Amino acid sequence: MAFTKVDKIWMNGEFVNWDDAKIHVLSHVVHYGSSMFEGLRCYNTKKGPAIFHLKEHTKRLFNSCKIYRMEIPYTAEELNEVQLELVRINKLDSCYLRPVVYRGYDSLGVDPRSCPVEIAIAAWSWGQYLGPEALEQGVDVCVSSWNRMAPNTFPAMAKCGANYMNSQLIKLEALSHGYSEGIALDHNGMVSEGSGENLFIVRRGALITPPFSASILPGITRRTVIQLAKEMGIQVIERNIPREALYIAEEVFFTGSAAEITPIKSVDKITIGEGGRGPITKKLQEAFFDIVEEGNDPHGFLSFVYETEAVKA
């Protein structure tokens, strides 16, 4: 999906024009993938624009940087306020936000210590990641021939730019074969996740999702779905999922900030359930969108862009 340019991007403490947000070609990140990033959405709720799980995304960004020994030169509170102000200054009602922390320009060896840790945050309008019809009709996916990284190779719990070269291989393979997305297995041959989404299956009425040990990213939408399901009385199980369990599941769906809650209608051309959105997926979608569209947020998931809306909510 092409960018819809907005007025300002925040870089290293300043709001700069979109076209002026540049880095040097010899920056460490360009050559070694040394970036940590987040992706989160601001929704135009009926109670005003609000960022979904702002604090949790910023916390995960700090955790990713901690794993890679990158010290962010701002506090979490400062970055939270920057993201709210970025929505305000660009006069956006709904958007996708992308904070990225990266190793900048100084030297060009694998040792990154002399390179400055820099940060930029952008926002732009972005619709449904897998297509506007996907939320109801579901998508066709395949199991990828590319596995997720094994433990003690790349840390899967860090949202690192370099990790997404693996994601690109999964996505490109799926698209080349006519699918919307691919599902990767872990180093043990168990289900891991999509190229940029966590995954759930429904079996005998229970919700099952792979554990962190399956080389998954600790998804914030994933955690939200687990919480909402438990509140509905749906049993939630975190355990290893063999590939064939995808084919005989009653429902399968992706979760993620970009994908939201997207049903999967087929895997490897095998129809899942009735071949569309199942009842539990629909129920979870309704609860999710009641929060992010209606603004009904008893959990405190939303950070309203304008203070009057936070009070009103």
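These questions and answers walk through some features of the structure above.

The model is a predicted one, in which local features need pLDDT of at least 70, side-chain atom pairs count only at pLDDT 80 or more, and totals for chains, interfaces and linings use all residues. Residues are numbered from 1 along each chain as its sequence is written, and side-chain values use heavy atoms, with hydrogens and water left out.

Q: How far apart are the end C-alpha atoms of helix α2?
A: Helices (H or I, at least four residues) and strands (E, at least two) are DSSP runs, numbered from the N terminus. The expected span of a helix is 1.5 Å times one less than its number of residues. For α2, with 14 residues (54-67), that should be 20 Å, and this agrees with the distance between its end C-alpha atoms, 20 Å.

Q: On which side or sides of α2 do its buried residues sit?
A: Buried means under 20% relative accessible area, exposed over 50%, and partly exposed in between (1.4 Å probe, protein chains only). The buried residues of α2 are L54, H57, T58, R60, L61, S64 and C65. Taking the directions from the helix axis to the C-beta atoms, they cover an arc of only 160 degrees, so they lie on the same side of α2.

Q: Which exposed residues does the face of α2 turned away from its buried side carry?
A: An α-helix has 3.6 residues a turn, so residues three or four places apart point the same way. The face of α2 that looks away from the buried side has its own exposed residues: K55, K59 and K66.

Q: Which element gives the most residues to the largest nonpolar core?
A: A nonpolar core is a set of buried Ala, Val, Leu, Ile, Met, Phe, Trp, Tyr and Cys residues joined through side-chain atoms within 4.5 Å. The largest one here has 37 residues, and I51, V87, L97 and V101 touch the most other members. Two or more residues come from each of β1 (8-11), β4 (40-45), α2, α3 (76-89), β6 and β7. With seven residues, the element that gives the most is β7.

Q: Is L108, a member of a nonpolar surface patch, buried, partly exposed or exposed?
A: Patches are made of residues with over 30% relative accessible area and no salt bridge, with like charges joined within 9 Å and nonpolar side chains (Val, Leu, Ile, Met, Phe, Trp, Tyr) within 5 Å. Accessible areas come from the Shrake-Rupley method with a 1.4 Å probe, and for residues only the protein chains shown count as cover. Together V25, L26, Y32, Y105, L108 and V110 make a nonpolar patch of about 580 Å², and L108 itself lies in the loop between β6 (95-103) and β7 (117-124). Because its relative accessibility is 41%, L108 counts as partly exposed.

Q: How many residues apart are K46 and E294?
A: A salt bridge is a side-chain nitrogen of Lys or Arg within 4 Å of a carboxyl oxygen of Asp or Glu, and by this rule the count is 13. K46 and E294 form one, with the closest N and O atoms 3.4 Å apart. K46 is in the loop between β4 and β5 (48-52) and E294 in the loop between α8 (279-292) and β17 (302-304), so this pair links distant parts of the chain, with a separation of 248 residues.

Q: Are R148 and E193 buried or exposed?
A: R148 and E193 form a salt bridge, the closest N and O atoms being 3.2 Å apart. R148 lies in the loop between β8 (139-143) and α5 (164-176), while E193 is in strand β10 (residues 191-194), so the pair ties together parts 45 residues apart in sequence. Both residues are buried.

Q: Is S215 buried or exposed?
A: S215 is not a glycine, yet its phi is positive, about 60 degrees. Its place is in the loop between β12 (206-209) and α6. Because its relative accessibility is 5%, S215 counts as buried.

Q: Is K269 buried or exposed?
A: K269 is another residue other than glycine with a positive phi, near 70 degrees. It lies in the loop between β15 (260-267) and β16 (270-271). Because its relative accessible area is 66%, K269 is exposed.
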